[in-house]
Every structure is written in structure tokens, then in C-alpha cells.
Amino acid sequence: MIQIVPKNSIIIAKFGGTSVADFIAMNRSINLIIYNPKIRLVVLSASANVTNLLISLTKKCDSNQKNAFFNKIKYIQYNILNHINSPILIRKKIDYILKKINILSKSLKLANSPILIDELMSYGELMSTLLFVEILRNRNIKVKWFDIRKIMRTNDNFGYAKPNRFILHILTQALLKPYLNKYLIVTQGFIGSDKNGRTTTLGRNGSDYTAMLLGEALHVSQVNIWTDVSGIYTTDPHIVPLAKRINKITFKEAKEMAIYGAKILHPSTLLPALRSNIPIFIGSSKQPNSGGTLICKTIKNSPMFRALTLRHQQILLTLRSLNIFYNNGFINEIFKILTIYDISINLITTSKLNIIFTIDTNNYTFFTKKLLINSLFKKLSSICQLKIEKNLTLITLIGNYLSKNSNIYNNILKILHPFNIRMIYYISNNYNLFFLVHKKDAELIIKTLHYNIFEKKN
């Protein structure tokens with residue numbers, strides 16, 4: 001069992017892709033580090049757009065397209081490199097990684113190999129941290145580059161690897177902690193390694209999760225996550241410009257937002273925070289003085305309505321039994337199949353002859369999603385009538401004590417009357433109200449709900 005010791009005053013700073021997008025952004029982030037001497041450990045994502053370009057290289061496309069993707073990656077990294085003083089040594093390191101990217105992207109095995117895809121995906125974080133460390137050295141900061149794969153041991157579920165907390169704790173204390181008093185440590189988010197030393201990844205936006213796991217292992221006082229927005233909002237401000245920033249929010253509320261689509265946090269990020277009661281601050285590295293959101297254990301007077309989220313890539317399955325006298329066995333058999341395929345269900349409703357449920361395909365890599373879903377559908381079709389609806393979006397209204405107000409449900413239905421809602425799901429857990437809608441209607445529904453709930457003055 002992991003022993004909990006009193007927290008120290010160390011702060012971990014995690015910087016997202018936009019915060020390390022170019023030379024100016026990196027220096028802006030470094031200013032934040034210099035300003036706060038309690039920051040002793042820095043976790044970085046890949047520079048903005050590099051991960052997307054690496055994903056593009058894993059897809060089947062012609063050599064001209066692959067060269068274009070590769071050259072864009074090279075341009076982003078060289079645009080930073082060319083501003084660094086005495087870049088000969090760091091240029092060799094970046095060129096070496098770029099060469100590996102180019103060779104791996106042309107491998108005929110890449111598209112069908114999760115192992116090779118994870119290796120390719122790791123290079124974005126490796127390059128951003130190498131460049132960031134060199135800029136820190138140019139500014140006379142005593143800094144150490146640390147390979148997170150030495151301590152972030154995971155299983156071999158490539159694409160969405162699960163870290164081993166116990167091993168991480170031991171290795172962090174032994175291999176990372178001794179350097180914290182001597183150096184500013186810069187390491188990578190998102191990546192790890194399995195027991196055989198093969199590089200793994202934790203899933204998109206896994207850098208937040210990395211920072212929190214390290215925070216838990218080191219018992220830090222706070223984790224600061226710097227991104228391109230000044231905190232968490234009542235909904236995505238890119239969809240609703242009048243979305244309001246939430247200055248303080250509980251772990252529970254933030255976790256619900258992350259699970260159901262808020263892009264500001266990796267869904268697993270809040271688990272270490274909940275276990276260790278480590279506050280998280282989210283702010284904008286572009287506008288650090290504009291404030292942000294503090295996520296903590298409890299706050300006073302949580303509002304009834306907290307936020308609206310949306311999550312695309314939902315599939316609605318309607319299963320009808322072929323044997324009306326085999327109801328209990330039918331349900332058991334369906335759940336047995338779902339267990340075998342390790343399928344996580346979001347919403348479900350059952351009757352004597354029907355089972356209706358949704359599958360969230362965001363948690364699968366492109367390769368795994370195609371293989372898994374097709375195989376699952378084929379298996380289900382062999383024992384029941386199967387209807388499949390794709391291109392759906394899950395909208396979630398997150399709040400507090402929703403079930404205590406009997407008028408909420410009716411009022412929301414009135415607001416949504418003009419829209420085609422595929423499913424409404426209301427759980428008596430006081431927190432969430434779900435709407436499954438067509439993707440083409442999702443943003444307008446979000447705008448309509450937000451106006452009536454958060455903007456309209458009664």
C-alpha cells in the first residue's frame with residue numbers, strides 16, 4: 001500500500017501544445033516558471049499540431065501527402081530551433097528524431113501496428129521537451145531533461161495504456177525526486193513504457209493525466225495546467241462566446257465535465273486529485289493575469305446548473321430478441337458479449353424484448369475502433385435484430401441536486417421541443433441530465449440550452 005505523507009510546497013506545471021507551439025510561446029511559459037520558484041517539475045505536450053500531423057502519418061495515404069505532413073512537422077520544430085543560440089547539439093538530436101519519424105512513417109507495417117503507432121506518437125513530446133530545455137539553458141536556468149518512460153510504467157494496451165501507480169510511485173521516489181532540489185526537471189506527458197521497454201501512450205490529452213500522477217507520487221501542493229483558455233467555462237467558449245468562466249469548481253463537478261466531453265481535462269486526470277486532494281489550477285499561458293479555475297475538494301454554495309458538455313462519436317444500438325420466450329437469457333448473453341469485447345456503455349434502457357444502449361467510440365484508436373466495432377456488430381447480429389445509428393452526440397447538463405427540483409425536467413423539455421432528440425436520460429444521482437442528438441444539431445442545441453440556462457435573465 002502506498003503511504004501518504006504530508007505534502008511539500010512543490011508545484012508541478014503542465015503546459016499544453018499551444019503553450020509550447022513556437023519559440024515565443026515557450027519563452028512565455030518559461031516566464032511563468034521563473035516567476036514561481038515553487039515550480040520544480042514541468043510536464044510538456046507536443047508543440048501544437050504536431051500530434052495531429054503524426055496521426056496523419058499513420059493513415060494510409062500516398063507518398064506526396066506523407067512528405068507534406070512530415071515537412072510540416074519539421075517546419076514547426078525548426079522554427080523553434082532556429083531561434084536557439086548555439087543549436088548544433090540540439091539540432092543533431094532533433095534531426096535524429098525527425099529521421100526516425102520519416103523512416104517509420106514509410107513503414108508498410110505502421111498502419112496496422114499499434115506498437116509502431118505509439119512509438120511514432122511519442123516523438124512529439126520528446127522533441128518539445130528537448131527544445132524547451134535548450135531554451136531554458138540559454139536563459140541560464142539549471143535544468144535537467146528527464147525521460148518519463150523510465151518511471152511511467154504501463155500495461156501494453158497501446159494507444160490507451162494504463163499506468164501502474166504502485167511502480168510509478170516507487171520509481172518516482174527513487175529516480176526523479178532526488179533531482180528536484182538540484183534542478184528544474186522537464187519531462188514528457190502522454191507517453192510511458194511497458195514491461196518490455198516498448199513506448200506506450202496514455203490516450204489523447206494524456207499529458208494532464210501524467211502531471212497529476214506525478215503530483216500524487218510526489219505529494220505536491222498543487223498542479224498548474226496551462227493551456228489556451230483561462231480556465232473551465234460553462235460550455236465550450238468556441239461554440240458559445242458568452243460562456244462564463246467558473247472560478248472555483250469541485251473535483252466531482254470537474255470529473256463529470258471531463259467524462260462527458262469538456263476538452264479542458266483528460267477524463268482520468270481527476271482521479272489522482274481526488275485520491276490525494278491535490279488542487280488543480282487551470283489558466284491561459286497567453287494571458288496568465290486574466291485568472292483561471294481552481295479545482296478543489298469542496299466549495300460553498302454549488303449552483304444547481306454548472307455546465308453543458310458535448311461528446312461526439314456516439315453510436316446508438318437497438319437490439320431486439322429473436323425469441324420472445326428467452327428474455328432473461330437474451331439480456332445475459334448480450335452483456336456477456338459486451339464484457340468479452342470490453343465495451344463501456346454510456347446510456348442504457350431495457351424492456352422485455354429490447355435493449356437500447358450507446359457506445360462512446362472516443363476511447364478507441366482508429367485501428368482498434370474499426371476492428372472492434374465491426375466484429376462486435378457482426379457478433380450481435382448473429383443473435384438478435386440489430387439497428388445501428390451513428391453520427392450522434394451526447395449532450396450533458398451537469399449540475400447539483402437536480403432531482404430536488406421537479407420542474408427542471410419539464411422546463412428543459414420545453415426548451416428542446418423544436419429539436420429531434422433521440423434519447424433523454426435522467427438519472428436520480430442529482431448531477432446529470434443527458435440528451436442524445438444528431439451531430440448536425442448538437443451545437444445549436446448547446447447554444448439554445450446555454451442561453452436559457454446561463455444567459456437569460458429571469
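In the predicted model, lysine 252 has a relative accessibility of 34% and therefore counts as partly exposed, whereas glutamate 256, at 7% relative accessibility, counts as buried. The two side chains form a salt bridge in which the closest N and O atoms are 3.1 Å apart. Both residues belong to helix H8, which comprises residues 251–259, and because they are four residues apart they are separated by about one helical turn. This pair belongs to a total count of 11 salt bridges.

A second salt bridge joins the side chains of aspartate 208 and lysine 14, with an N to O distance of 2.9 Å. This contact links distant parts of the chain, since aspartate 208 lies in helix H7 (residues 206–218) and lysine 14 in strand E1, 194 residues apart. Both partners are buried: aspartate 208 has a relative accessibility of 3%, and lysine 14 has a relative accessible area of 7%.

Helix H7 also takes part in a salt bridge between glutamate 216 and arginine 165 of helix H6, so that parts of the chain 51 residues apart in sequence are tied together. The N to O distance in this pair is 3.7 Å. Arginine 165 is partly exposed, with a relative accessible area of 36%, while glutamate 216 counts as buried at 11% relative accessibility. These two residues, together with Arg275, are linked in a network of salt bridges.

Helix H6, which spans residues 165–176, also contains phenylalanine 166, a residue that is partly exposed with a relative accessible area of 46%. Phe166 forms a nonpolar patch on the surface with Ile167 and Ile170, and the accessible area of the three together is about 250 Å².

Strand E1, the element that holds lysine 14, covers residues 11–15 and is mostly covered, five of its five residues being buried. In a regular strand, side chains alternate between the two faces of the sheet. In E1, Ile11, Ala13 and Phe15 point one way, whereas Ile12 and Lys14 point the other way, and all are buried. The strand runs parallel to strand E7 (residues 222–227), to which five bridges join it, and isoleucine 12 stands opposite valine 223 of that strand. Pairing in the parallel sense is also found between E1 and strand E2 (residues 39–44), again over five bridges; here isoleucine 12 stands opposite leucine 41. Between E1 and E2 the chain passes through helix H1 (residues 23–35), and this β-α-β crossover is right-handed.

Considered as a whole, the protein has 13 helices and 18 strands, and 51% of its 458 residues count as buried. The C-alpha trace spans about 75 × 55 × 45 Å along the principal axes. The radius of gyration of the protein is 23 Å, which agrees with the value near 23 Å that a compact globule of 458 residues would have. One separation within the model is given by alanine 68 and glutamine 287, which are 219 residues apart along the chain and whose C-alpha atoms are separated by 33 Å. Alanine 68 is placed in helix H3, which covers residues 63–81, and is partly exposed, with a relative accessible area of 35%.

Note on methods. Residues are numbered from 1 along each chain as its sequence is written. This is a predicted model: local features need pLDDT of at least 70, side-chain atom pairs count only at pLDDT 80 or more; totals for chains, interfaces and linings use all residues. Side-chain values use heavy atoms; hydrogens and water are left out. Patches are made of residues with over 30% relative accessible area and no salt bridge: like charges are joined within 9 Å, nonpolar side chains (Val, Leu, Ile, Met, Phe, Trp, Tyr) within 5 Å. Accessible areas come from the Shrake-Rupley method with a 1.4 Å probe; for residues, only the protein chains shown count as cover. A salt bridge is a side-chain nitrogen of Lys or Arg within 4 Å of a carboxyl oxygen of Asp or Glu. Helices (H or I, at least four residues) and strands (E, at least two) are DSSP runs, numbered from the N terminus. Buried means under 20% relative accessible area, exposed over 50%, partly exposed in between (1.4 Å probe, protein chains only). Two strands pair if DSSP finds at least two bridges between them. A crossover is right-handed if, with the strands pointing away from the viewer, the path from the first strand over the helix to the second runs clockwise. The radius of gyration is taken over C-alpha atoms; the globule rule is 2.2 Å times the number of residues to the power 0.38.
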